[in-house]
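Here are some exercises to work through with the model open beside you. Try each task before you read its solution.

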Amino acid sequence: SEFLWQEGHTAHISAEEAEEHTATMLGEYEALCAGILAVPVFSGEKTPMERFSGADRTLCLETVLPNGWALQAATSHYLGQNFSKAFNVQYENQQGQRVMPYATSWGISTRLLGAALMTHSDDKGALLPPLISPMQIRVIVIKGKSVESHSQVDNFVQKLQAIAIQNNVRLEVDDEPTSPGKRFVECDRA
């Protein structure tokens with residue numbers, strides 16, 4: 001099976017700048033997990049035995065899945081000059097000297113998508129958070145018996161759809177001619 005990564009690397013003039021970027025990227029991943037995927041995470045630093053090989057520091061996000069297992073959701077590594085030295089990476093500074101940069105590396109993988117699905121699903125299916133759900137709002141239209149009420153409901157639904165479009169909200173309208181009860185059941189199954 002394929003294991004896909006989103007990964008980034010940066011080179012910096014100073015150790016302080018590289019360490020700051022390492023923390024910044026972990027913060028970006030934490031915002032993704034908490035703010036978009038709605039996956040609760042714990043941030044911390046790996047021990048020397050756990051850190052990425054060649055890194056001076058490894059920061060990480062971990063989550064606990066519904067089955068009680070822990071999963072590493074993201075990492076951000078401060079590499080110091082270790083890889084610069086190993087691969088003879090240099091740049092010319094403002095004084096015209098060739099120096100080795102301080103590096104970072106950070107990434108997430110498709111396992112984070114698995115964590116999001118496991119966090120927001122059970123044996124009956126997935127109920128995704130609003131920012132990643134293909135549908136954010138479902139309107140089940142219930143019309144009265146009179147033609148006038150049909151017109152009023154249709155006008156209201158059209159206004160609601162326009163508001164949703166203006167606000168980038170994914171709205172689905174269920175106006176099937178079946179009973180509301182049957183549509184509620186189908187909605188719960190979907």
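For sorting lining residues, Ala, Val, Leu, Ile, Met, Phe, Trp, Tyr, Cys and Pro count as nonpolar, Asp, Glu, Lys and Arg as charged, and the others, Gly among them, as polar. Keep in mind that this is a predicted model.

**Exercise 1: the cavity**

Task: find which residues line the largest cavity, and sort them into nonpolar, polar and charged.

Solution.
- Start with the count: the structure has 1 cavity of 30 Å³ or more, and the largest cavity holds about 30 Å³ of space.
- Next, list the lining: Trp 5, Gln 72, Ala 73, Ala 74, Gly 107, Ile 108, Ser 109 and Arg 111.
- Map these onto elements, and you'll see that S4 and S7 each supply at least two lining residues.
- Now sort them: the lining splits into 4 nonpolar, 3 polar and 1 charged.

**Exercise 2: the second largest pocket**

Task: work out which residues lie nearest the centre of the second largest pocket, and which elements give two or more residues to its lining.

Solution.
- The volume of the second largest pocket comes to about 330 Å³.
- Its lining has 23 residues, and those nearest the centre are His 9, Phe 52, His 77, Leu 79 and Ser 105.
- Strand S1 (5-12), S4, helix H2 (82-86) and S7 each give two or more residues to that lining.
- By class, the pocket lining has 9 nonpolar, 10 polar and 4 charged residues.

**Exercise 3: the core and a cysteine**

Task: say which members of the largest nonpolar core touch the most others, then check how many disulfides the structure has.

Solution.
- The core has 15 residues, and the best-connected ones are Tyr 29, Val 41, Leu 61 and Leu 112.
- Two or more core residues come from each of helix H1 (15-36), strand S3 (57-64), strand S4 (70-80), strand S7 (102-109) and helix H3 (111-119). H1 gives the most, with 4.
- Zoom in on Leu 112: leaving out residues up to four places away in sequence, it touches Leu 32, Cys 33, Leu 37 and Ala 73.
- For the disulfides, the search turns up 0 in the whole structure. Cys 33 has the sulfur of Cys 60 as its nearest cysteine sulfur, and that is 11 Å away.
- As for accessibility, Cys 33 is buried because its relative accessible area is 0%, under the 20% cut-off. Cys 187, at 26%, is partly exposed.

**Exercise 4: two residues on H5**

Task: decide whether Arg 183 is buried or exposed, and do likewise for Asp 188.

Solution.
- Arg 183 sits in helix H5, and so does Asp 188, with H5 spanning residues 180-189.
- Arg 183 has 5% relative accessibility, so it counts as buried. Asp 188 has 68%, so it counts as exposed.
- Beyond its neighbours within four places in sequence, Arg 183 contacts Ile 140, Val 141, Ile 142, Asp 174, Asp 175, Glu 176 and Thr 178.

**Exercise 5: positive phi**

Task: locate Asn 88 and Asn 168, and look at phi in each.

Solution.
- Most residues other than glycine have a negative phi.
- Asn 88 has a positive phi of about 55°, and it lies in the loop between H2 and strand S5 (91-92).
- Asn 168 also has a positive phi, near 55°, in the loop between helix H4 (147-166) and strand S11 (171-174).
- Finish with accessibility: Asn 88 is exposed at 51%, and Asn 168 is exposed at 66%.

Key
Residues are numbered from 1 along each chain as its sequence is written. This is a predicted model: local features need pLDDT of at least 70, side-chain atom pairs count only at pLDDT 80 or more; totals for chains, interfaces and linings use all residues. Side-chain values use heavy atoms; hydrogens and water are left out. A nonpolar core is a set of buried Ala, Val, Leu, Ile, Met, Phe, Trp, Tyr and Cys residues joined through side-chain atoms within 4.5 Å. Buried means under 20% relative accessible area, exposed over 50%, partly exposed in between (1.4 Å probe, protein chains only). Contact means heavy atoms within 4.5 Å. On a 1 Å grid over the protein atoms alone, a cavity is a set of points where a 1.4 Å probe fits but cannot get out, and a pocket is an open set with protein on both sides within 12 Å along at least five of seven lines; lining residues have an atom within 4 Å of a point. Grid points are joined across faces, edges and corners, and a volume is the space filled by probe spheres set on the points. A disulfide is a pair of cysteine sulfur atoms within 2.5 Å.
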